[in-house]
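Here is a quick briefing to read alongside the model. Keep the 3D view open and look up each spot as you go.

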Amino acid sequence: MNDTFSLNPRKHLLELPDFNGDFRMWPQFKMTYLETARKGKFSKLENLNRIRKHLKGDALKSVQGLMLNPDNVDKVFERLNSLYGNPDNIYTSLLNELLAIRYVSLENPSTFMEFANALHNLIDNMTILEQPDYLNDQRLLKDLVSKLPVDIRNKWYLEQLATEEHSRPVKTLKDLAVWLKPTEGLATMLIARQGGYKKKVHHLNSHMSPQKIRHDNRKRCLLCDNDHKTIECRRLTEATVSQRRRLLIEKNICQNCCNFSNHKAINCFLPPQCKFRACRQKHNTLLHQENDNSPETPMRINCHNANGNLFYQIIPITLHNQKTAVSTYALIDPGSSTSLILEEVRKQLGAEGEVKPLTLSWTNGSIQSEPASKVVSLKIQGPNGRSFDVKNLRSVQELDLPMQSIDARTLKRQYKHLNNINLQGYLNAIPTVLLGLPHSFITHAIDSRSGKENEPIAQKSRLGWVNSTDFSNVISKEDLDRAERQLLRKAQWEGYPEEMISLHAKGIIKNDSKIRNLTPQLDDQQIMRSVTRLEKANFLHTETKNPMILPKKHTITNLIVKHYHEKYKHKKTETIIAAIRQRFWIIDLRAVVKNVADKCQKCKNDKARPSPPIMAPLPRCRLAVRQKPFTHTGVDYFGPLNIAIGRRSEKRWGAVFTCLTTRAVHIELATDLSASSFIICLKNMQHRRGKVSHIYSDNGTNFVGANNEMTRLQERCKREKWFNKAEQIQVGDVVTFPDDQRKGKWLKGRVTKVNPSKDNQVRSACVKIGNTEVTRPT
């Protein structure tokens with residue numbers, strides 16, 4: 001009992017915390033291992049097994065090779081300590097965990113407790129590592145204090161100011177943790193009243209981070225405390241930029257997100273909220289100070305050139321401004337970063353707006369400056385009659401867009417997939433409005449109609465159907481030949497630069513060139529060819545008489561060989577070589593073809609051969625020597641065989657019995673496939689060949705049925721009185737037995753005498769019935 005009790009503490013010391021390479025967990029793992037090893041006095045093998053059991057992931061991989069020998073247990077721990085025991089790495093990991101907490105508030109007390117726990121974790125680990133200097137970082141202390149709620153932060157500053165400056169001690173992170181103890185108790189009480197820690201909310205199908213959702217969900221204005229966002233407050237929107245800044249500073253509101261008053265813009269976790277492209281300052285768009293003398297960031301606009309093979313997305317529209325309406329055309333360009341309207345059309349509509357300088361950067365490299373550009377808002381109506389409000393249209397003096405004509409009737413008659421749509425035709429239409437990315441809601445395609453390749457495509461926007469077709473995508477045979485020649489010249493220049501230079505300069509190559517024997521020359525396309533002795537073979541093609549020379553080790557050469565290899569269905573090397581030499585002369589072609597074939601996956605699969613395993617040892621039934629044949633027998637059926645019985649034909653099967661030891665064969669005739677027919681065949685075989693010990697079959701239904709039948713027969717043949725000893729009848733027992741005179745009647749009597757046989761078993765007894773005594777067998 002005492003021994004068992006003394007072993008339990010040591011068994012408890014075997015356990016260690018799991019360690020997977022996380023720097024934050026190393027101090028705990030290290031201290032636990034050293035303390036338990038000292039108290040438990042474990043052997044090297046036990047310590048190695050403890051480490052092996054609790055190391056996971058990268059930590060286990062880093063010492064895998066040292067864990068083969070128990071004598072290396074100290075080296076294992078030293079390597080782990082060198083990899084994960086660096087105080088800088090541990091401090092960085094713990095600090096990142098602490099700084100990752102963006103939002104601390106007693107309104108959500110769980111965030112405050114998360115902050116406090118991370119702070120204590122940092123302090124405790126640095127204390128265990130005996131690195132107190134890390135806790136004296138004054139900049140970190142200020143950053144952590146700035147994360148606290150406003151009332152708690154102000155209380156901290158007031159206590160600092162209350163202390164005289166000459167006697168004011170330098171505060172550390174440990175002092176901050178001690179000072180926050182009462183607030184931790186308050187946060188714990190608030191959590192208990194709210195029903196415990198709240199589970200993290202998971203946002204599904206959301207396109208913003210949870211922190212951003214939390215900011216956007218805040219509806220109360222920090223300026224007037226009304227039910228709207230701060231950036232939508234009239235006090236802010238109607239003020240000048242300088243007044244806005246002053247107003248936010250007085251309320252201690254973040255000038256970047258404008259949603260919270262517990263941090264400054266420099267500490268705001270959101271990216272800069274200013275939408276002006278050239279501005280990289282961390283402030284809101286409402287606080288951007290514009291310089292009227294400086295040009296605005298250039299807007300990116302696609303360049304549109306007239307092309308007979310290309311149809312732009314031009315749609316007839318009607319612009320409305322109050323009671324004025326102008327019918328014109330609009331070009332839909334989703335790649336433009338702004339939407340434009342011609343200044344002349346703006347004047348016709350009488351639309352006015354704020355003057356903002358505009359610089360346009362077209363994709364062809366040209367820059368267009370519009371210092372008097374105005375921002376106007378209009379109503380646009382498409383061919384389908386639907387109207388939409390279009391804001392922030394920028395006016396420009398010139399809008400050089402291509403003129404275009406579409407015969408809708410001809411297109412519908414020529415292409416069937418355009419028959420059932422309301423496609424508008426026009427003649428010599430010049431767009432005066434460009435609808436870009438800012439108005440993609442009304443221009444993006446909500447339906448489309450397309451036919452075969454290179455046929456026109458019709459797209460339906462919220463304004464109506466618009467046609468877009470590009471017939472310039474058709475690649476001709478001349479284009480393919482030109483591209484092929486360009487690639488061949490590239491391969492020759494990269495494979496034989498000196499030879500190509502010599503041929504272009506002198507028309508001949510040097511004597512020490514590797515391809516001098518091929519007599520290379522340049523043709524009209526500046527491609528190097530081999531001059532052969534087949535010049536007068538008029539029945540051959542020119543490329544066959546003068547094949548193009550290609551280097552052995554080049555990507556283009558490998559691609560050509562691969563093309564022929566696949567074209568001729570992965571045939572033998574000689575077939576591929578014969579086909580390639582009809583056009584090309586590749587140095588060491590046979591080796592290149594074999595290399596391509598070796599890398600071909602289909603050829604690998606076709607050439608693959610199975611690797612059968614080593615045959616297993618023979619079973620005992622095949623090695624049953626010194627036993628009669630057919631002691632171990634295999635059985636199967638063959639057939640059916642049609643036999644003639646009189647004038648009719650019947651089917652018969654052959655039952656093949658094979659001796660598994662001698663391979664002798666015995667055949668019996670089976671009338672059908674039933675179990676009873678097989679039992680007859682087995683009986684006949686055993687009469688000729690002797691008793692069978694084991695029979696092996698393929699578990700056919702007739703074999704399984706015969707086995708079940710013989711099992712039942714064997715059970716029936718068993719007699720319990722032959723194997724089970726019954727209790728002997730004794731003198732004085734009362735017994736019953738049938739009356740021989742009257743059927744169905746039973747007589748009752750008492751045993752007066754028993755008659756045992758030579759085996760001491762009672763075989764008969766004398767029974768007294770009333771005044772009569774009879775002898776009955778037992």
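**Around the loop at Asn760**

Let's start in the loop between β26 and β27, which is where Asn760 sits. Keep in mind that this is a predicted model. Asn760 isn't a glycine, yet its phi is positive, at about 65°. With a relative accessible area of 63%, Asn760 is exposed.

**The chain as a whole**

- The chain has 27 helices and 28 strands.
- Of its 778 residues, 36% are buried.
- Take the contacts between residues at least 6 apart in sequence: 53% of them join residues at least 24 apart.

**The sheet with β26 and β27**

- The two strands on either side of Asn760's loop, β26 and β27, belong to an open sheet of four strands, in the order β25-β26-β27-β28.
- Pairing in this sheet is antiparallel.
- Its edge strands are β25 (734-738) and β28 (772-777), and each of these pairs on one side only.
- On average, neighbouring strands here are turned by 45° against each other, if you ignore direction.
- Zoom in on β26 (residues 746-756) and β27 (residues 762-769), and you'll find six bridges in the antiparallel sense.
- As a landmark for that pair, look for Val751, which stands opposite Val767 in β27.

**The mixed sheet and its helix**

- Another open sheet of four strands runs in the order β23-β22-β21-β24, and its pairing is mixed.
- Why do β23 (665-670) and β24 (694-696) each have one side without a neighbour in the sheet? They stand at the edges with a single partner strand each, so one side is left free of a neighbour.
- Neighbouring strands of this sheet are turned by 35° against each other on average, direction ignored.
- Strand β21 (residues 632-645) and β24 run parallel, joined by three bridges.
- To find one of those bridges, go to His632, whose partner in β24 is His694.
- Helix α25 (residues 675-689) packs on this sheet and touches β21, β22 (648-659), β23 and β24.
- The direction of α25 makes about 140° with that of β23.

**Two backbone spots to check around β21**

- Strand β21 is home to Pro640, and a cis peptide bond joins Gly639 and Pro640, with omega at about 10°.
- Phe630 is in the loop between α24 (601-607) and β21.
- Phe630 has a positive phi, near 65°, and it is a residue other than glycine.
- Is Phe630 buried or exposed? Its relative accessible area is 4%, so Phe630 is buried.

**A hairpin and a parallel partner**

- β3 and β4 make a hairpin with two residues between them.
- In the turn of that hairpin, Gln322 has a positive phi of about 60°.
- Eight bridges pair β3 (residues 314-321) with β4 (residues 324-332) in the antiparallel sense.
- One residue to look up here is Asn321, whose bridge partner in β4 is Thr324.
- β4 is also joined by three bridges to β13 (residues 433-435), and these two run parallel.
- For that pairing, look for Leu331, which has Leu434 in β13 as its bridge partner.

**Two helices that cross**

- Helix α21 (residues 555-567) packs against helix α23 (residues 589-599) at an angle of about 70°, and their axes are 10 Å apart.
- That angle makes α21 roughly perpendicular to α23.
- The crossing of α21 past α23 is right-handed.
- From α21, the contact uses Asn558, Val561, Lys562 and His565, while α23 brings Leu589, Val592, Val593, Val596 and Ala597.
- Sorted by class, this contact of α21 with α23 has six nonpolar, two polar and one charged residues.

**Two more loop residues**

- Gln255 lies in the loop between α14 (241-250) and β1 (299-301).
- Gln255 counts as buried because its relative accessibility is 17%, and the cut-off for buried is under 20%.
- Beyond its neighbours within four places in sequence, Gln255 is in contact with Arg245, Leu248, Ile249, Ala265, His283, Asn284 and Leu287.
- Ala100 is in the loop between α6 (87-99) and α7 (109-128).
- At 52% relative accessibility, Ala100 counts as exposed.
- Ala100 and Ala118 are 18 residues apart in sequence, and 9.9 Å separates them in space, C-alpha to C-alpha.

Key: Residues numbered from 1 in each chain as written. Predicted model: local features only at pLDDT ≥ 70, side-chain atom pairs only at ≥ 80, totals over all residues. Heavy atoms only, no water. Buried < 20%, exposed > 50% of the residue type's maximum accessible area, 1.4 Å probe, protein only. Contact = heavy atoms within 4.5 Å. Pairing = 2+ DSSP bridges. Axes fitted to C-alpha atoms, helices over the stretch in contact; angles between N-to-C directions. Parallel < 35°, antiparallel > 145°, perpendicular 65-115°, else oblique. Left-handed = near helix turned anticlockwise from the far one by under 90°. Nonpolar A, V, L, I, M, F, W, Y, C, P; charged D, E, K, R; others polar.
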